[in-house]
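Here is a short briefing on one protein chain and its ligand. Please keep the structure open while reading.

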Amino acid sequence: METKLQALKEEAIAKIKATLDTKELNDIRVKYLGKKGPITDLLKGMGKLPAEERPKMGQLVNVIRQEVTTFLEEKKEELEAKALEERLASETIDVTLPGREVKVGNHHPITRVAEEIEDIFLSMGYEIAEGPEVEKDFYNFEALNLPPDHPARDMQDSFYISEETLLRTHTSPVQARVMEQKKGEPIKIICPGKVYRRDSDDATHSHQFSQIEGLVVGENIRMSDLKGTLDLFAKKMFGADREIRLRPSFFPFTEPSVEMDISCFKCGGDGCNVCKQTGWIEILGGGMVHPNVLEMAGYDSKTMTGFAFGMGQERIAMLRYGIEDIRNFFTNDLRFLSQFNHTEL
Ligand code: DAH
């Protein structure tokens, strides 16, 4: 029996030494030391031995078990250390590799221009007002002194949703809405937002674009206030040495109506491709709020007067960044948009 035990021990140790993975090591443990293993079998057979030999044999079995267990544990540690080493080696970080660039987005150029315009007017004490893009014909046209069948409606071809509802063609309806809410109180607002017109898209036309509207109503508001405000705006937006000029124009909701040009910021007025050789660049339309518009909104046009203006955000952005095709703003081409990521305004 002793020889048998020694042979089993040698066999077990040889297998432990030879194995390369922990699962197999566990199988060896179960096989040799487990309840159904040969060593347990031998122990069971001890009853057949003469009584004086039993303690000696029992001791030997324990020693052998102990030895095999020690080998198993050592091997287990060895295998685990090796596995850890391999894992660490495979996970090594090469700190000399160049880092991956994190792409940081930015505001759309139109948003940036709008925010800049907003900041200028906020600094003059204006508030920002908004109105719906799906608008009533009443606010888009009638309340602005454009009754049904008024010929000036043709200037703004529209997307109608029903007889009375359309996609607003300009931000001017916000004027009418705010006047209605303020019920005769003074007003000083700008209204940025999207507008829609039935235009065929080309380099300078888009069926959707953005405007910013301005409206000031109060006692004794005069044309000179409009001029002073626009002059300050032009200088802040396009440079301190910009001149402005007002030309007579027509809008149904203002009387008198004007269009404002700024002296060309590229050539300073000598004539170049940006100003089409005229020295001036058209920026916006405006005028004194028509008494009919004030009256329809419940204001007494004898005591309250106002001025208003409206400009296209895309146009301003195109001038500012030298963009030649308005469609660039809407096609979402990152090659175009990412050019503005690091642009300082
Ligand atoms: N709503 C006009 C347009 O889209 C622009 C405009 C002109 C707005 C004169 C005004 C204004 O507030 O007074 O063509």
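**Domains, ligand site and sheet**

The C-alpha centres of domain 1 and domain 2 lie 91 Å apart. The domain assignment places domain 1 at residues 2–90 and domain 2 at residues 109–340. This is a predicted model. The points below cover the ligand site, the sheet and two backbone details.

**Ligand site**

- The ligand sits in the largest pocket.
- Three strands each give two or more residues to the shell around the ligand: β5 (208–219), β8 (280–289) and β9 (304–312).
- The ligand has 16 residues around it. Those that come nearest are His170, Ser172, Gln175, Arg197 and Glu213.
- Glu213 places a polar side-chain atom 2.6 Å from an oxygen atom of the ligand.
- Arg197 also makes a side-chain approach: one of its side-chain N or O atoms is 2.8 Å from a ligand oxygen.
- Phe309 uses its backbone instead. A backbone N or O atom of Phe309 lies 3.3 Å from an oxygen atom of the ligand.
- On its own, the ligand has 350 Å² of accessible area, and the protein covers 91% of this.

**The sheet**

- Seven strands form an open sheet with mixed pairing. Their order is β1-β4-β5-β9-β8-β7-β6.
- Which strands stand at the edges? They are β1 (127–128) and β6. Each has a single partner strand, so one side of each is left without a neighbour in the sheet.
- Strands of a sheet pair through backbone hydrogen bonds, in either a parallel or an antiparallel sense.
- β8 and β9 run antiparallel and are joined by five bridges. Within this pair, Gly285 stands opposite Gly310 in β9.
- β8 and β9 also belong to the elements that contribute two or more residues to the ligand shell.

**The β6–β7 hairpin**

- Strand β6 covers residues 244–251, and strand β7 covers residues 254–263.
- The two strands pair in the antiparallel sense over seven bridges.
- They form a hairpin, with two residues between β6 and β7.
- Arg245 stands opposite Asp261 in β7.

**Backbone details**

- Most residues other than glycine have a negative phi, and most peptide bonds are trans. Two places in this model are worth checking against that background.
- What kind of peptide bond joins Glu255 and Pro256? The bond is cis, with omega at about -5°.
- Pro256 is found in strand β7, which is one arm of the hairpin with β6.
- Lys183 has a positive phi, near 45°, and is a residue other than glycine.
- Lys183 is found in the loop between α7 (173–182) and β4 (187–196).

How values were computed: Residues numbered from 1 in each chain as written. Predicted model: local features only at pLDDT ≥ 70, side-chain atom pairs only at ≥ 80, totals over all residues. Heavy atoms only, no water. Domains from an automatic or database assignment. Pairing = 2+ DSSP bridges. Helix = DSSP H or I, 4+ residues; strand = E, 2+ residues; numbered from the N terminus. Near = heavy atom within 4 Å. Polar contact = N/O pair within 3.5 Å; in protein donor to acceptor, adjacent residues only side chain to side chain. Areas by Shrake-Rupley, 256 points an atom, 1.4 Å probe, with all protein chains shown as cover. 1 Å grid on protein atoms, 1.4 Å probe; cavity = no way out; pocket = protein on both sides within 12 Å on 5 of 7 lines; lining within 4 Å. Sits in = over half its atoms within 2 Å of the grid points.
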